[in-house]
Amino acid sequence: MLKKYRTIVKEEGWKGLIRKEGWKVGVLLFMFFLVKGLIWLAVFYGLFELIAE
């Protein structure tokens, strides 16, 4: 399911996803990638802090 949405975003962009699947799916997918990015940022920041000490 997530793979299907990612394919739509890559081919048609966010507008295409919202047009095909609805705005709720667009918001959920956006939030998923936002949280995923923030988690990676926290992991790398934590590693940097460990190395800096």
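The following questions and answers concern the side-chain packing and surface of a predicted model.

In this model, local features need pLDDT of at least 70 and side-chain atom pairs count only at pLDDT 80 or more, while totals for chains, interfaces and linings use all residues. Residues are numbered from 1 along each chain as its sequence is written, and side-chain values use heavy atoms, with hydrogens and water left out.

Reader: Which element gives the largest share of the largest nonpolar core?
Author: A nonpolar core is a set of buried Ala, Val, Leu, Ile, Met, Phe, Trp, Tyr and Cys residues joined through side-chain atoms within 4.5 Å, where buried means under 20% relative accessible area, exposed over 50% and partly exposed in between, with a 1.4 Å probe and protein chains only. The largest such core has six residues, namely Tyr5, Ile8, Val9, Leu17, Val25 and Leu29. Two or more of these residues come from each of α1 and α2, helices here being DSSP runs of H or I with at least four residues, and strands runs of E with at least two, numbered from the N terminus. The largest share, four residues, is given by α1.

Reader: Which residues does leucine 17 touch, leaving aside those up to four places away in sequence?
Author: Contact is taken as heavy atoms within 4.5 Å, and Leu17 is itself a member of the largest nonpolar core. With residues up to four places away in sequence not counted, the residues that leucine 17 touches are Tyr5, Ile8, Val9, Gly22, Val25, Gly26 and Leu29.

Reader: Which element gives the largest share of the nonpolar patch on the surface?
Author: Patches are made of residues with over 30% relative accessible area and no salt bridge, like charges being joined within 9 Å and nonpolar side chains (Val, Leu, Ile, Met, Phe, Trp, Tyr) within 5 Å. Trp14, Ile18, Trp23, Val27, Phe30, Met31, Leu34, Leu38 and Leu41 form the nonpolar patch, with about 910 Å² of accessible area together. Two or more residues come from each of α1 (2–21) and α2 (23–52), and the largest share, seven residues, comes from α2.

Reader: Is leucine 38 buried or partly exposed?
Author: Leucine 38 lies in helix α2 and belongs to the nonpolar patch. Because its relative accessible area is 48%, leucine 38 counts as partly exposed.

Reader: What is the geometry of the pair formed by tryptophan 40 and phenylalanine 44?
Author: Rings of Phe, Tyr and Trp (its six-membered ring) pair if their centres lie within 6.5 Å, with planes under 30 degrees apart counted as stacked, over 60 as edge-to-face and the rest as tilted. The count by this rule is three aromatic pairs, among them phenylalanine 32 with phenylalanine 33, which is edge-to-face at 5.1 Å centre to centre and 70° between the planes. Tryptophan 40 and phenylalanine 44 have ring centres 5.7 Å apart and planes at 25°, so this pair is stacked.

Reader: How far apart are the closest N and O atoms of lysine 20 and glutamate 12?
Author: A salt bridge is a side-chain nitrogen of Lys or Arg within 4 Å of a carboxyl oxygen of Asp or Glu, and the structure holds two of them. One joins lysine 4 to glutamate 21, with the closest N and O atoms 3.5 Å apart. In the salt bridge between lysine 20 and glutamate 12, the closest N and O atoms are separated by 2.9 Å.

Technical notes
Areas by Shrake-Rupley, 256 points an atom, 1.4 Å probe, with all protein chains shown as cover.
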